[in-house]
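Q: Please pick one part of this structure and go through it closely, strand by strand if it has strands. Then show how the rest of the fold is arranged around that account, and say how far the model can be trusted.

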Amino acid sequence: MDLTLKVWRQNGPDKPGEFKEYEAKGISEEASFLEMLDIVNERIVESGGVPIEFDHDCREGICGTCGVMINGHPHGNQKGTATCQLHMRKFNDGDRIVIEPWRATGMPVVQDLIVDRSALDRIIEAGGYISVDTGGTPDANLIPVPKEAADASMDAAACIGCAACIAACPNSAGQLFTAAKLAHLNLLPQGQPERYDRTIAMVEKMEEFFGSCTNHGECEEACPKSISINNIAFMNRDYLVAKFKDRRKAGQT
Amino acid sequence: MTTTGRREDTKPARKLPWILELYRSDVAKKWIMAISGVILLGYIAAHMMGNMKIYFGPEEINHYGEALRELGGDLVPKTHLLWIMRIGLTAAFAIHIHAAYSLTRKNLQARGRVRYDVPREYLAANYASRTMRWSGVIVLFFVLFHLADLTWGTTNPDFIRGDVYNNMIASFERVPVAILYIVANLALGLHILHGVWSLFQSIGANNRVYNKWRRYLAWGFTAVIVVGNLSFPIAIQLGIIS
């Protein structure tokens, strides 16, 4: 199939960017979207040009490294998949495809289609972990976990941190990512001791970088793991509870 | 930084009173928007229901107006309880607007100046949710006009203080006012259609079992309010009430 690509090219973080058009002829329908970009890049290199920079790693939808805006849809117009899982058979011969990087003040463009997602690392550092003493390996299943809690936590833990939720949000809010990371730990017994400190720390770190949720629900549609906005409600509830607990603690000196 | 283990050293210095410190957070602002929203929704429902008395004649509705001033009966001086409610309502309105204003500014900043080249094809966001800011501003300006027209009487030449029946008819008899009222109430409808659903999400009232009821409630509440409110100018224009 023959395609026309309109790709954002930007040669560095503070450089001005622009769209450039590329012809992608003779692309196999069986190619993945990233393989299509590989082929285009090879041709660019052969003709002496600078290849289109894009992030990618596992190419099986589990690492969260890849992710671009394809014709106005994060990860393309296929629900519940990452860019690497999108195949060219979903497009038609002669299509014109616009490829853009994620856009948000908290995720500036590094080069072409690559954005700096280190804000997500800052949020995780703020509390997306549990503190455990080192020592001998504990027995498996030592801590009983209710099945429902394990399921809900696992659904939230499916988040691969690709930032499609932020890219899709009209407010560039980081709520779905942060809420998924919080629900993942806050639902489990192991997450309880630090639950409320974690919630305050991660929410407030998120707010340093990103906008605020207005409950559109676009993030859930964009999420390659179809993570529910129910997690956002769970986070909102925990945040206020945390603030009250924090107040009580301040009085316990 | 050295750690001495004393509580004073680990306690972060609090710069503002707790409630103001809380209000600095976006998530808390949404909580406060939700709670002030509930107060305003309660008022809208009571206002619409009270006005229904116009269908029972001038005696009924004028008596209703008087009853509002006499709220609290013999227990409080006349109009005192009404004023407490008015102040509370104004405060809820002001804080709702301030939170919306500051979150909007933050969101525009977070989104940045470079927008996507391809116009977004929204999958989940609906017309109501995307126009909250516009419908909110329309409702704000309408409320100011509404007060001037029916409470203070400044824009209503035939205004008679205390004669609610006469004032409503004198106001809605004018075609431009009736049209303005209808447009503003449709904007209000859009605003509360998203607002009623959204507030549950903001306060974390979430349960897979009853989540679908949040949408039904939003549609049902909005339908009742919009139909009720639109009935007044339409009935007056059609001469059903005169």
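A: In this predicted model, strands β3(A) and β5(A) pair in the antiparallel sense, and two bridges hold the pairing. Strand β3(A) covers residues 69-70, and strand β5(A) covers residues 96-100. A:Met69 stands opposite A:Glu100 of β5(A). A:Met69 also has a counterpart in β4(A), where it stands opposite A:Pro74. The pairing of β3(A) with β4(A) is again antiparallel and has two bridges.

These strands belong to an open sheet of five strands in chain A, with the order β2-β1-β5-β3-β4. The pairing within the sheet is mixed. The parallel pairing of β1(A) with β5(A) is part of that mixture: β1(A), residues 3-10, is joined to β5(A) by four bridges. Within this pair, A:Val7 has A:Ile99 of β5(A) as its bridge partner.

On from β1(A), the order leads to β2(A). Eight bridges join β1(A) to β2(A), and the two strands run antiparallel. One facing pair here is A:Arg9 with A:Glu18 of β2(A). β1(A) and β2(A) form a hairpin with six residues between the strands. In this hairpin A:Gly12 takes a positive phi near 125°.

Which strands stand at the edges of the sheet? They are β2(A), residues 17-24, and β4(A), residues 73-74. Each edge strand has a single partner strand, so one side of each is left without a neighbour in the sheet.

Elsewhere in chain A, helix α6(A), residues 195-209, packs against helix α2(A), residues 118-127. The angle between α2(A) and α6(A) is about 160°, and their axes are 8 Å apart. Angles over 145 degrees count as roughly antiparallel, which makes α2(A) roughly antiparallel to α6(A). Their crossing is right-handed. On the α2(A) side the contact is formed by A:Ala119, A:Arg122, A:Ile123, A:Ala126 and A:Gly127. These meet A:Asp197, A:Arg198, A:Ala201, A:Met202, A:Lys205, A:Met206 and A:Phe209 of α6(A). By class, the residues of this contact are seven nonpolar, one polar and four charged.

Helix α6(A) also packs against helix α5(A), residues 175-186, at an angle of about 170° with the axes 10 Å apart. α5(A) and α6(A) are therefore roughly antiparallel to each other. From α5(A) the contact takes A:Thr178, A:Lys181, A:Leu182, A:Leu185 and A:Asn186. From α6(A) it takes A:Arg195, A:Arg198, A:Thr199, A:Met202, A:Val203 and A:Met206. The residues of the contact of α5(A) with α6(A) divide into five nonpolar, three polar and three charged.

Chain A is in contact with chain B through 39 residues of chain A and 38 residues of chain B. On the chain B side, α2 (18-23), α3 (26-51), α5 (80-111) and α9 (175-202) each supply at least two residues. α5(B) gives the most to this side, with six residues. The side of chain B that touches chain A has 17 nonpolar, ten polar and eleven charged residues.

One of those helices, α3(B), also packs inside its own chain, against helix α10(B), residues 211-237. The angle between them is about 40°, and the axes are 10 Å apart. α3(B) and α10(B) are therefore oblique to each other. Their crossing is left-handed. B:Ile44, B:Ala45, B:Met48 and B:Asn51 of α3(B) meet B:Ile225, B:Gly228, B:Asn229 and B:Phe232 of α10(B). This contact has five nonpolar, three polar and no charged residues.

As for confidence, the model scores ipTM 0.89 and pTM 0.91. Chain B has a mean pLDDT of 90, with 94% of its residues at 70 or more. Over residues 1-7 of chain B, however, the pLDDT is below 50. Beyond near neighbours in sequence, that stretch has three contacts in the model.

Note on methods: Residues numbered from 1 in each chain as written. Chains lettered and ligands numbered in written order. Predicted model: local features only at pLDDT ≥ 70, side-chain atom pairs only at ≥ 80, totals over all residues. Axes fitted to C-alpha atoms, helices over the stretch in contact; angles between N-to-C directions. Parallel < 35°, antiparallel > 145°, perpendicular 65-115°, else oblique. Left-handed = near helix turned anticlockwise from the far one by under 90°. Contact = placed C-beta atoms within 7 Å. Nonpolar A, V, L, I, M, F, W, Y, C, P; charged D, E, K, R; others polar. Pairing = 2+ DSSP bridges. pLDDT = per-residue confidence, 0-100.
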